[in-house]
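Q: Can you walk me through this one? I'd like the helix packing, then the sheet, then a few odd residues.

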Amino acid sequence: MLPPIFGVLFDGFAYGMLLFLLSVGQSVTLGMMNFINLAHCSFAMLGGYMTVALMTHYGWPFFATLPCAFIVAAVVSVGFERLFYRRLYRASDLDQVLLTIGIVFISVAVAAYIFGTEQKPLPLPEYLRSSLTFLGLRFAVYRLIMIAIALAITALLVLTVEYTRFGARVRAAVDNERMARGLGIDVDRTFAITFALGSGLAGLGGALAVEIVGLDPSFALTYLVYVLIVVSVGGLGSISGSFVAAALLGISDVAGKYYVPAIGAFLIYLVMIVLLMWRPRGLFGRR
Amino acid sequence: MKRLLLAGVGLFAASLLPAASHAQGTVKIGLILPYSGQFADTATQIDDGIKLYLKQHGNKLGGMNVEIVRKDTGGINPPVAKRLAEELVTRDNVDILAGFALTPNALAAAEVSAQAKKFMVVMNAATAIITTKSPYMARTSFTVPQVNETLATWAEKNGDKSAYTMVTDYGPGIDAETAFQKAFSAAGGSVVGSVRMAVQNPDFSAYVQRAKDLNPQSIFVMIPGGSQPGAFGKAMAERGIDPRKTEVLGQAEIADEHALASMGDVAEGIITSGNYDYNLDNPMNKEFVKDYNADYNRNPDFFSVGGYDGTHLIDIALTKDGGKTDGDSLIAAAKGASWDSPRGPMSIDPETRDVIETVYIRKVEKVNDKLVNVTIASFPNVKDPFKAAMQK
């Protein structure tokens, strides 16, 4: 028999991975491209609705809908990027905030118009809702899968950004656009692809989060705070920073709620404040 | 500055004048609801209930034409609700204020109703004290103590001797906690522990684990409807809490149609207390559910009947007072009004202007492979116990 602390650690880590999946796309757009994209959770919501619609109306299996959520969010985001975002890459932070918060409000209204204002349940098969018992502790299957996917995404992204030619181009384009153009890098295309990657990841995160946090049109706003906390605590421009920050915040949140429920609600913000005072650039921040 | 002041005085004076500018035979209703934001779905359901009643009655209330002005609070926003109520009264010249999904907004608008002497119909907000804040106010939903004290007493009588309470740390949650604990202890049960949970709470695993550690006979839950009931159900399933063994008790929200769909089979056995469910077995409700589905393509819920019956009350009051639209005549006519609703017989308490109705105890069961709330006990003519205690 394991003591209950392991259960708390597992739940906290799983919750952290949920936060990570929701925010990893943002650490690509905000962190790497340096664009303040408050509409991040709108793309996540799009992924969520994609998955729910495919499962309830077309009877697709859950795992088959995940790539779709990624692709649809990515494709739609490229449209937005070409039309709006790219005009503001070098604009001030405030302009970027105004543009993207506008997109958030529009997306909330559009989602309410198309899908209605009610909660959309995700009809998952029973085996995904069951849990495994190991040494006297129960581990939920869905949470285990979430953790596995989060680890896989982290590994893939870190490898792509640090070790591939594409990653090098992105970093070059962000750091010095003129120089990058001079070297023959197609900056427009690089940015479009990076943005699509970030939004696709948002879509995937949204699709995976629905089972835990539910889905209605306010999704685009409700979880934005958590996403921004994770990215800023992790440090701009660092995927592994977001990963560590999400795990840390998740564990402290669950442990706080379990051991001292009276302050449990504030703990996640308290941890954020302490970490940011200690390291204003975030845990792994480069800029 | 001087001109501003003058304008303000003018506005104030205008608001004191009786609203004489109305076209003959038209009643103007100002609806204040959270049409956008987190509680948009609540507003949708209340609004659809109102629309259905008007449609069924040829868009006339008490023989008068109806004009509705809709205002959006965007969520919990008392200053905005108050400003909107003021605008409705002074600028739009409405006769009646209605809607009010959320307690803080209803409390803020109550001041306007009391000062401007406007009839105000609360169609959802369920904190007990709301109706005491304006003598021109009546309510057609329910009160938190009304359903939860009934539930607590019933649970104790049916063999629950120990309970753990879990509520969201906001007005209605704390109201429900107080009501349940009070009635449960009074009946002889013991409350073994309690927790107040964060309002923004996507994950319940830690709270549910705490409840499980104490191993109580029953768990009382009060959380806002929407995304949380589903998340709560899943946390329960993951921890291995089975509502068929550990009694899970709560207010209607935790087992509404969408919550059940998102929880799945783990919901089986949850016991809730409420004033309405679309499965209620009476001919009027069957008709209501059919018409509602025909127009809005979904089932009505307790929000919908709150709006539907609120409109019905306005209809009754205008009929009874012969079309007078001032606050005094309307509230006098509304006091003691009684009618048949899809939820069963209901009336307005002449003393407190609050709703008197049947409280149903329901259990989630699988009927024809679908999870539904099945009524297992019903208590007719329940008054709000909070105000009954206040009067003693």
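A: A term to settle beforehand: a crossing is left-handed if the near helix is turned anticlockwise from the far one by less than a right angle, and right-handed if clockwise. Also, this is a predicted model.

Q: Fine. Which way does helix 11 of chain A pass helix 12 of chain A?
A: The crossing of helix 11 over helix 12 in chain A is right-handed. Helix 11 covers residues 224–234 and helix 12 covers residues 239–259, and their axes come within 7 Å, crossing at roughly 120 degrees. The two helices of chain A are therefore oblique to each other.

Q: Which residues meet there?
A: From helix 11 of chain A there are Ile229(A), Val230(A), Val231(A), Val233(A) and Gly234(A). They meet Gly241(A), Ser242(A), Val244(A), Ala245(A), Ala246(A) and Leu249(A) of helix 12. By class, this contact between helix 11 and helix 12 of chain A has eight nonpolar residues, three polar and no charged.

Q: And helix 6 of chain A, at what angle does it pack on helix 12?
A: Helix 6 (residues 141–163) of chain A packs on helix 12 of chain A at about 155 degrees, and the axes are 9 Å apart. With angles over 145 degrees counted as roughly antiparallel, helix 6 and helix 12 of chain A are therefore roughly antiparallel to each other.

Q: What touches what in that pair?
A: Thr154(A), Leu157(A), Val158(A) and Val161(A) of helix 6 meet Ile239(A), Ser240(A) and Phe243(A) of helix 12 in chain A. The contact of these two helices of chain A divides into five nonpolar residues, two polar and no charged.

Q: Switching to the interface. How many residues does each chain put in?
A: Chain A contributes 26 residues and chain B contributes 27 residues. On the side of chain A that touches chain B, helix 1, strand 2 (137–140), helix 9 (187–213), helix 12 and helix 13 (264–278) each supply at least two residues. Helix 1 of chain A gives the most, with four residues.

Q: What classes of residue are on that side of chain A?
A: The side of chain A touching chain B has 13 nonpolar, seven polar and six charged residues.

Q: Now the sheet in chain B. What's the strand order?
A: It is an open sheet of six strands in chain B, in the order 2-3-1-4-5-6, with mixed pairing. Strand 2 (60–61) and strand 6 (137–139) of chain B stand at the edges with a single partner strand each, so one side of each has no neighbour in the sheet.

Q: How do strand 1 and strand 3 of chain B run?
A: Parallel: eight bridges join strand 1 (residues 26–33) to strand 3 (residues 64–72) of chain B. In one of the bridges, Leu31(B) has Arg70(B) of strand 3 as its partner.

Q: Which strands does helix 4 of chain B lie across?
A: Helix 4 (residues 103–116) of chain B lies across strand 1, strand 4 (96–99), strand 5 (119–122) and strand 6 of chain B, and runs at about 165 degrees to strand 5.

Q: Odd residues, then. What's the phi of Asn34(A)?
A: Near 70 degrees, a positive value in a residue other than glycine. Asn34(A) sits in the loop between helix 1 (4–32) and helix 2 (40–58) of chain A.

Q: And Asn368(B), where is it?
A: Asn368(B) is in the loop between strand 14 (355–367) and strand 15 (370–382) of chain B. Its phi is near 50 degrees, also a positive value in a residue other than glycine.

Q: Why does Asn368(B) count as exposed?
A: Because Asn368(B) has 5 other C-beta atoms within 10 Å, and the cut-off for exposed is 12 or fewer. Asn34(A) has 16 and is partly exposed.

Conventions. Residues numbered from 1 in each chain as written. Chains lettered and ligands numbered in written order. Predicted model: local features only at pLDDT ≥ 70, side-chain atom pairs only at ≥ 80, totals over all residues. Buried ≥ 20, exposed ≤ 12 C-beta atoms within 10 Å, placed from the backbone. Pairing = 2+ DSSP bridges. Contact = placed C-beta atoms within 7 Å. Axes fitted to C-alpha atoms, helices over the stretch in contact; angles between N-to-C directions. Parallel < 35°, antiparallel > 145°, perpendicular 65-115°, else oblique. Nonpolar A, V, L, I, M, F, W, Y, C, P; charged D, E, K, R; others polar.
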